[in-house]
Amino acid sequence: MTHADQNPSDPSEQRCGYVAIAGRPNVGKSTLLNAMLGQKLAITAHKPQTTRHQILGIRTVPEGQMVFIDTPGIHRTMPKAINRYMNRVARAVLQDVDVVAWVIDATHFGPDDEALGRELGRLNTPVVCVVNKVDLLADKQTLLQLAQRLSGEFGFDNIVMVSALKKKGLDELGERLLKLLPFSRPFFDEDELTDRSERFIAAEFVREQLIRRLHQELPYAATVEIEGFAREPNLVRIGAVIWVERSGQKGIVIGKGGATLKEIGSSARSALESFLGEKVFLELWVKVKKGWSDDERALQSFGYVD
Ligand SMILES: Nc1nc2c(ncn2[C@@H]2O[C@H](COP(=O)(O)OP(=O)(O)OP(=O)(O)O)[C@@H](O)[C@H]2O)c(=O)[nH]1
Ligand SMILES: [Mg+2]
């Protein structure tokens, strides 16, 4: 046994690099990111197209550092500027990472997955297939068949079965990913979690509540802008504007007697308090900007900038 084997944190043995978390919408990419980090950073919802921006999350272990990049779900059929933006963001990441973790939903492998699998096969970047949501499959035969397809039809041999929700198979996944990263000192300090600002996270946590509560009524029609973020002696004071596309949607977000907006605010506030470890005072306003989600310039002004 060499000295390095006994001491995995020997700097010359450490690995570090970028891991893209990619896949079609709703397969559990953001849930996986949070599970790998052991804390909620990315927003998640049971509706597709929750993630709109790439977000970086850092996992540091004695053997090195994995810098994950969660990406929007790659999809084919949605026509608006915001959909094109989301696909562009996700695809740009694939070119620039050391490894792609391709997340697949064990219960549903369809045409969007097949198209993406073929696209990933043409990259020079190594791919680890992460078959997620295995907690939903009692039938192991289906998993076996899926694994055979992934290696036979798509040529991927590195396949890991996980449940991001139940936190199963994640250590194995971490080990596999780390092995594919180059030897390097960590890029970030070990206590760093993300490259995103607290303002960005605040806007996302508000948007998460909008998606979870109002997805039917406002599929892509809301975005959130932070107007104020101030640290005061015993609390963080945050002001946010929820932008919708039509005046009718404003009423939906506010709800009867302001009830819906109140619920959105109180859930987002408690998520933010856990994230920041501080008391939060969150004030929300709802405003209308006509057709923002299909308007390239409006998108840019709301921070949808590649
Ligand atoms: N049962 C089960 N559900 C899961 C698992 N992982 C994620 N989910 C659920 O799947 C849904 C989608 O999860 P997200 O993490 O938001 O999916 P995503 O791939 O990031 O979605 P987009 O950002 O829209 O592309 C949520 O309701 C999650 O709770 C899992 O391992 N098991
Ligand atoms: Mg997501």
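These are my notes on the ligand site and one sheet of a predicted model.

**Ligand 1: the shell**

I started with the surroundings of ligand 1 and listed 23 residues there. The closest are Lys29, Thr31, Gln49, Thr50 and Asp135. Next I sorted the shell by class. I got seven nonpolar, twelve polar and four charged residues. Then I looked up which element gives the largest share. Helix 2, residues 29–37, does so with three residues.

**Ligand 1: polar contacts**

I checked the oxygen atoms of ligand 1 against polar atoms of the protein. At Val27, a polar backbone atom is 3.2 Å from a ligand oxygen. At Thr50, a polar backbone atom is 2.6 Å from an oxygen of the ligand. Thr51 uses its side chain: a polar atom there lies 2.8 Å from a ligand oxygen. I also looked up the cover. On its own, ligand 1 has 660 Å² of accessible area, and the protein covers 90% of this.

**The sheet**

I moved on to an open sheet of three strands. Its order is 7-8-9, and the pairing is mixed. Strand 7 (223–232) and strand 9 (280–288) are the edges, each pairing on one side only. From one strand to the next, the twist averages 15°.

I followed strand 8, residues 235–244, to strand 9. The two run parallel, joined by nine bridges. Ala240 stands opposite Leu284 of strand 9.

**Helices on the sheet**

Helix 7, residues 198–214, packs on the sheet and touches strands 7, 8 and 9. I noted an angle of about 130° between its direction and that of strand 7. Helix 9, residues 259–276, lies across strands 7, 8 and 9. Helix 9 runs at about 135° to strand 9.

Technical notes. Residues numbered from 1 in each chain as written. Chains lettered and ligands numbered in written order. Predicted model: local features only at pLDDT ≥ 70, side-chain atom pairs only at ≥ 80, totals over all residues. Heavy atoms only, no water. Near = heavy atom within 4 Å. Polar contact = N/O pair within 3.5 Å; in protein donor to acceptor, adjacent residues only side chain to side chain. Areas by Shrake-Rupley, 256 points an atom, 1.4 Å probe, with all protein chains shown as cover. Helix = DSSP H or I, 4+ residues; strand = E, 2+ residues; numbered from the N terminus. Nonpolar A, V, L, I, M, F, W, Y, C, P; charged D, E, K, R; others polar. Pairing = 2+ DSSP bridges. Axes fitted to C-alpha atoms, helices over the stretch in contact; angles between N-to-C directions. Contact = heavy atoms within 4.5 Å.
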